[in-house]
Amino acid sequence: LTLAEKASLVSPSEYIILKTLLESRDKYDYMSEDILRSKLNFIDSEFTISITKLLNMKAISEERIQGKKAYRITFSGLDILAIKMLYVNKILKNLGLIIGEGKESNVYYGYDFDDNVIVVKFHRVGKSSYKNIRKLREYTEKKSWISITMDNAKKEYQALKCLNENYALVPKLFGYSFNAIVMEYIEGTSLAKSKLSNPKKVLDNILGTVRIAYTNCKIVHGDLSQYNVIIDQNEIPYIIDWPQWKKEDQNLLNRDLNIILTFFKNKYNVIEDIDEISKFVKGE
Ligand code: ATP
Ligand code: MN
Ligand code: MN
Ligand code: MN
């Protein structure tokens with residue numbers, strides 16, 4: 001089943017189960033069947049049917065704890081909750097095909113209620129084991145992957161919100177729910193694969209966005225590269241992929257600028273002075 005098909009099959013009582021498991025994610029690694037039942041007060045058959053269905057679509061997973069069945073919500077379950085909420089809020093009418101799988105997300109085409117093509121990015125922290133270890137060190141408190149993932153989505157939402165309010169060249173933000181960000185679809189190719197006719201202008205536009213991020217939103221992207229810039233038909237560059245931003249971090253800013261300036265120097269022989277550019281983006 002596709003994600004869209006799964007979401008369309010979930011019944012109201014199954015949503016309640018997902019929501020209950022989500023809300024207790026940091027209290028119980030797996031919630032025992034007894035506790036779950038007592039919170040829900042469903043009739044027995046309804047409970048069993050719902051749990052079986054959710055297990056079959058891998059929206060929840062089961063574990064035996066001291067011989068007893070216990071459950072937790074999966075990333076797919078979280079995706080389903082997000083889709084439902086976005087639908088109810090009239091942000092997302094339909095989910096389409098997958099655009100790409102990033103290291104920390106799955107990105108899909110979607111359709112809004114006017115049938116425009118939009119993008120839905122479902123965050124999933126912990127997809128790659130390397131990042132797992134790094135992130136685990138960052139979070140000393142006991143937090144579930146689900147919580148860490150939702151924190152990430154929220155961070156990307158906050159960045160895009162401020163950048164949108166300041167007219168930066170980033171995808172327009174349409175919505176946010178649990179682990180999902182809904183945004184404008186930028187039709188184009190990555191900066192890495194583009195053949196630019198006016199590279200100097202494109203670089204200026206990218207630096208303009210970095211400047212807005214720093215001076216208006218007080219943030220540094222943190223993963224800026226030719227792979228996180230999409231060039232559209234009018235050769236306008238849009239910077240994507242914002243969840244790892246840090247507040248006014250000088251080292252990170254210099255790293256971001258170095259990567260972009262090196263790319264333009266090597267591929268287009270456009271040469272800029274890093275110190276001058278650094279001052280420019282900081283508004284100095
Ligand atoms: P990464 O592995 O680079 O960290 P990620 O999981 O953080 O990836 P993104 O880089 O945000 O995810 O998105 C993954 C891919 O999906 C992008 O490289 C791009 O091809 C596509 N994509 C994301 N957002 C958009 C958008 N608004 N419009 C068009 N394509 C997009
Ligand atoms: Mn990346
Ligand atoms: Mn990316
Ligand atoms: Mn990323």
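**Figure 1. Three domains along one chain.** Welcome to this protein chain, whose domain assignment gives domain 1 (3–76), domain 2 (78–184) and domain 3 (189–281). Please keep in mind throughout that this is a predicted model. The views that follow begin with the meeting of two domains and then turn to pairs of helices.

**Figure 2. Where domain 1 meets domain 2.** Taken over C-alpha atoms, the centres of domain 1 and domain 2 are 23 Å apart. To their contact, domain 1 brings 17 residues and domain 2 brings 20 residues. How much area is buried between domain 1 and domain 2? The answer is about 1,700 Å², with carbon and sulfur atoms giving 72% of that area. On the domain 1 side, look for Leu3, Tyr15 and Phe75: these residues lose the most area to domain 2, and together they account for 42% of what that side buries.

**Figure 3. Helix α2 beside helix α3.** Here helix α2 (residues 12–23) meets helix α3 (residues 33–40), with axes that come within 11 Å and cross at roughly 120°. The two helices α2 and α3 are therefore oblique to each other. Their crossing is right-handed. From α2, the residues to find are Ile16, Ile17, Thr20 and Leu21, and they meet Leu36, Lys39 and Leu40 in α3. Sorted by character, the residues of this contact between α2 and α3 comprise five nonpolar, one polar and one charged.

**Figure 4. Helix α3 beside helix α4.** Now follow α3 to helix α4 (residues 44–56), where the pair packs at an angle of about 120° and the axes are 11 Å apart. Again the arrangement is an oblique one, so α3 and α4 are oblique to each other. The crossing of this pair, α3 and α4, is right-handed. On the α3 side the contact is made by Glu33, Leu36, Arg37 and Leu40, and on the α4 side by Asp44, Phe47, Thr48 and Ile51. Four nonpolar, one polar and three charged residues make up the contact of α3 with α4. Leu36 and Leu40 may look familiar, since they also appear in the contact of α3 with α2.

**Figure 5. Helix α2 beside helix α5.** The last view returns to α2, this time with helix α5 (residues 75–88). The axes of α2 and α5 come within 10 Å and cross at roughly 115°. Is the crossing of α2 and α5 left-handed or right-handed? For α2 and α5, the crossing is left-handed. Tyr15, Leu18, Lys19 and Leu22 of α2 make the contact with Gly77, Leu78, Ile80, Leu81 and Lys84 of α5. The residues of this contact between α2 and α5 divide into six nonpolar, one polar and two charged. Tyr15 links this view back to Figure 2, where it is one of the domain 1 residues that lose the most area to domain 2.

Definitions and conventions
Residues are numbered from 1 along each chain as its sequence is written. Chains are lettered from A and ligands numbered from 1 in the order in which they are written. This is a predicted model: local features need pLDDT of at least 70, side-chain atom pairs count only at pLDDT 80 or more; totals for chains, interfaces and linings use all residues. Side-chain values use heavy atoms; hydrogens and water are left out. Axes are lines fitted to C-alpha atoms, for helices over the stretch in contact, and angles run from 0 to 180 degrees between N-to-C directions. Helices (H or I, at least four residues) and strands (E, at least two) are DSSP runs, numbered from the N terminus. Angles under 35 degrees count as roughly parallel, over 145 as roughly antiparallel, 65 to 115 as roughly perpendicular and the rest as oblique. A crossing is left-handed if the near helix is turned anticlockwise from the far one by less than a right angle, and right-handed if clockwise. Contact means heavy atoms within 4.5 Å. Ala, Val, Leu, Ile, Met, Phe, Trp, Tyr, Cys and Pro count as nonpolar, Asp, Glu, Lys and Arg as charged, and the others, Gly among them, as polar. Domain bounds come from an automatic or database domain assignment. Buried area is the accessible area (1.4 Å probe) that two parts lose on being put together, summed over both.
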